[in-house]
Amino acid sequence: MKALTCFFCSILFLFTASLTTYAQVVEPSKTNNSNVPDTSLIVPDTTKNHLRTTQGTDTVVMKDQDGLETVVTIVANDSSWNQVNKNILHLYKGAKVKYQEFELAADYIRLDRNTNELFASGVVDHNGKYVGRPVVIFPGDTPKTVDSLLYDYKTREGNTYGIMTEQDGAYVQAKIVRKNLYDELSLKTGMYSTCNLPYPHTHFGIQFTKGLMAGKHIIVGPAYLVVENIPIKFLAIPFGFFPRQNKRASGFLFPSFGEDATRGFSMRDIGWYLAFNDYWDSEIRGSLYSKGSWEANVRTNYLVNYKYSGGFNIRYAATKVGVEGTPSFGTNKDFNVTWNHTQRQEANPGTSFSASVNFGTASYFQNTGFNQANSIEDITRNNMSSSISYGKVFADGKVNFTSSLSHRQDMASGRVDLELPSFSLNVSTFNPFDSKDRVGDQKWYQRITVGYSLQGRNTISAGDSVLFSKESLKNFTNGFQHNIPIALTLNAFKYFQFNTSVNYTERWYLQSTRKRLINRVDGFEQVVDTVQGFRRAYDYSVSSGLSTKVYGMYPKMGKIEAIRHVITPSVNLNYRPDFSDPRYGFYREFVNENGALERYSIFERGIYGSPSAGKSMGIGFSIDNNVEAKIRTANDTTGNGIKKVKILQGLTFSGNYNFMADSLKLSTISFSGRTSLFGEKINLNFNGSFDPYVVNEEGIRVNRFALQDGKLARLTNFGLSFDYSLNPQANKSRNNNIDSLRNQMPNMTQEQAEALARISTDPNAFVDFNIPWNLNGSFSMNYSQTWEREQRRMRSVVTATVNLNGDFNVTPKWKVQFNTGYDFRQQALSLTRFSIYRDLHCWDMSIGWTPFGQYKSYNITIRAKASVLQDLKLTKRESHYIY
């Protein structure tokens, strides 16, 4: 939060900036702190008015103060009463008056043409409630709601009482506001609060007695804090003189206090806010711990409307570990840097630039734990990645060029992979033999399509500690790849679709490898040399195939009216030469350390691989299945009593048979599919593969079909996953809230999208008490087979995890949220966290608790809901991090 002086300045500025034109008024005798309007000025509901006239719009031509004629527009939705003898007009229910840039709407308006005065108020309805309060719009101001208003629309002077307005989530109320001829505003008996009730009934408010706002400064009389209706006058200020700010101001950021079992007592996130201009600002924060640890960070955001936006965050932490005086005592020094940048499409059509950067030491999040900026996802993540990309479209969208710099870091191993840079150039497929002036259908050769793509990469992979050493920088791997696909698709034999294609790929490398043996003392050793110089490698393949659809209908069974089965079989012939033939020069031979002749590719370390060895000519096949049923039901809303149910979607089997292979000609048979259960509330996905061959005593596949041993095939792996929500309305509510926030953040970066996904489970974000309970579950399982050398048998490995998350209302103001899971293989609970939320109307309270595990901790936070007071918070925190 800003410094105390800036805080009071902001309070008064928010209030006075919202009031622009008012004049002297006599304080109503029946007005009190609850802003109840003066009943002497309130008119009753016009349902009892016997002088009802035709509703509609009227216009009156009058002269302004300069003698020029102007128009006063008058509207009354209910009734109007014109006192001709006094030249006074009374308007009721939905009444509106517009004079130049001044607009007024209320359930009662009195227009005195003699004095050019308007009086407006609400009415008391049949339930005794005061409704239809005046809403007024002054020139250059936003709409304001008041209890009543008296205004001279020629001199633009008036009086008001019982005003309440909102500014940045905070509410300002005042009994009397006066304006003089010098555009100075006098304020009397005002209240600033985060509560939107007529009188703040709970928690927090600042009461000021008198105030004066001039053009560039604010003078205020006694002001004091009110908490739970208790005035804290010993903290009052007798008077104050503040400059009137019309822009963001720099100021102090209030810290939070807590305790950490490892690092001691803490003062977290104390700092200073820097408002440079309307386009960028910064926060400098720091955290101190009683046992010597400390953290610092600099966060900067920038925004240029209609062009680009972004921000970066640089964080550093020095964490004391171990016991002082022991060998294990020391300091872990960690850092983390993030940067995101997004360019608006309209800023430069056809060109895009974006950045999402996240890099640093692998132990930063683990050592700093659950602090202000870290989440469960940050602590449990096992990798970091970054990407900076540029793109441009040429030739009316037919040519697309993209380039990027990227980084990926494995947190466990410390391995870093860099792409500096990678690029691609893609040309949309076109018909080279077609004519722009063609009339009629295409001939067969005019349907031939050709495409082109070019990729380039320059990469390095090394440990984070030696990444930028001279030796590592010599290990950059680079290359280019060209690809030209040529395809033709035709209808054949009425029910079949014929397709044929030729695919040509060429690779350019600046390095190649050579293998040789050197004679050591303990025997021969294989050495791989890198040979610098340009080399090219290419390959091509040809494929032709047929596909069709077969429809089958099953007879009626009970409530099942019909079952439709759609089968989509396809078969193709494919051919690829043997590129290990010596005439291509892509493969070489050498005698290995065992004395055996070995063939290897000189491009085996190439970034785009090497042309395949061995000739291939075979048949590829696939079968796709889709099964749906029509079931008779009385609950169908369409009225025909028939509901479609999806039984199987996309159940696909595929494989290949290679005629040119000397053994194991049939490939593994892979399958995948999906379905939905219980009215599509559960989406179930599965996949796996079958091996048609058996393995010998050494665990090696041999050329013998499992069918010969009485088995159809061996299931080598299988995966199954599904998720389910017991209360779909909860997910719908949360998604609507997220969509609402997403609409306020156009052109989100990946980092912003991830942050948005995190806050959707935050107890302080999108807590919907209208949803009394919610329970979501997900399950994933994977089965695979591995060979055990010691026991000389195939062993099955099964992994399975289940995750649960949800929430429930304990009372209308208390909500409990939880997230947990169980790993069946490890036989242990996953990271479990409970969050308790309490709605305190203008404030909220949240309690986070991780009961066990490495990050055992708890924290209690109380903070104001108003966005202007987000730095006003009280926090109690205790953690038990294990290092």
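Is Arg438 buried, partly exposed or exposed? In this predicted model, Arg438 has a relative accessible area of 32% and is therefore partly exposed. Its partner is Asp434, and the two side chains meet in a salt bridge with an N to O distance of 2.8 Å. Asp434 falls into the partly exposed class as well, because its relative accessible area is 23%. A handy reminder for reading such pairs is that side chains of opposite charge can pair when their charged atoms come close.

The Asp434 and Arg438 pair belongs to a wider set, since a search of the whole structure gives 20 salt bridges. Another of them joins the side chains of Arg536 and Glu506, at 3.0 Å from N to O. This pair links distant parts of the chain: Arg536 sits in strand S35 (residues 523-547) and Glu506 in strand S34 (residues 496-520), with their positions 30 residues apart in the sequence. The two ends of the bridge can be told apart by their cover. Arg536 is partly exposed because its relative accessibility is 39%, whereas Glu506, at 11%, counts as buried because the limit for that class is under 20%. A further bridge is formed by Glu283 and Arg285, whose closest N and O atoms are 3.0 Å apart. Both Glu283 and Arg285 are buried. Through salt bridges that share partners, Glu283 and Arg285 are joined with Arg299 into one network.

Aromatic side chains offer a second view of the model. The count of aromatic pairs comes to 28. In one of these pairs, the ring centres of Tyr302 and Tyr308 lie 6.1 Å apart and the planes stand at 65°, so the arrangement is edge-to-face; the angle qualifies because planes over 60 degrees apart are assigned to that class. A pair of aromatic rings is described by the distance of the centres and the angle of the planes. The cover of the two tyrosines can be read alongside the geometry: Tyr302 is buried, because its relative accessibility is 18%, while Tyr308 is partly exposed, because its relative accessible area is 34%. Elsewhere, one aromatic cluster is formed by Tyr504, Tyr509, Tyr538, Tyr540, Phe579, Tyr584, Phe586 and Phe603.

Tyr279 is placed in the loop between strand S23 (264-275) and strand S24 (280-289). With a relative accessible area of 51%, Tyr279 is exposed, because that class begins over 50%. The C-alpha atom of Tyr279 is 5.2 Å from that of Leu303, although the two residues are 24 residues apart along the chain.

On the surface, a nonpolar patch of about 680 Å² is made by Ile484, Ile486, Val502, Val542, Tyr575, Met617, Tyr657, Phe659 and Met660. One of its members, Tyr657, is found in strand S41 (residues 642-658) and counts as partly exposed because its relative accessibility is 31%.

Two of the patch residues, Val542 and Met617, reappear around Asn574, which lies in strand S37 (residues 560-576). Asn574 is buried, because its relative accessible area is 17%. Its side chain is joined to that of Asn572 by a polar contact of 3.2 Å. Leaving aside neighbours within four places in sequence, the contacts of Asn574 are Val542, Ser543, Ser616, Met617, Gly618, Ile619, Gly620 and Asn656.

Key: Residues are numbered from 1 along each chain as its sequence is written. This is a predicted model: local features need pLDDT of at least 70, side-chain atom pairs count only at pLDDT 80 or more; totals for chains, interfaces and linings use all residues. Side-chain values use heavy atoms; hydrogens and water are left out. Patches are made of residues with over 30% relative accessible area and no salt bridge: like charges are joined within 9 Å, nonpolar side chains (Val, Leu, Ile, Met, Phe, Trp, Tyr) within 5 Å. Accessible areas come from the Shrake-Rupley method with a 1.4 Å probe; for residues, only the protein chains shown count as cover. A salt bridge is a side-chain nitrogen of Lys or Arg within 4 Å of a carboxyl oxygen of Asp or Glu. Helices (H or I, at least four residues) and strands (E, at least two) are DSSP runs, numbered from the N terminus. Buried means under 20% relative accessible area, exposed over 50%, partly exposed in between (1.4 Å probe, protein chains only). Rings of Phe, Tyr and Trp (its six-membered ring) pair if their centres lie within 6.5 Å; planes under 30 degrees apart count as stacked, over 60 as edge-to-face and the rest as tilted. A polar contact is a pair of N or O atoms within 3.5 Å; within protein, one must be able to donate a hydrogen and the other to accept it, and residues adjacent in sequence count only if both atoms are side-chain atoms. Contact means heavy atoms within 4.5 Å.
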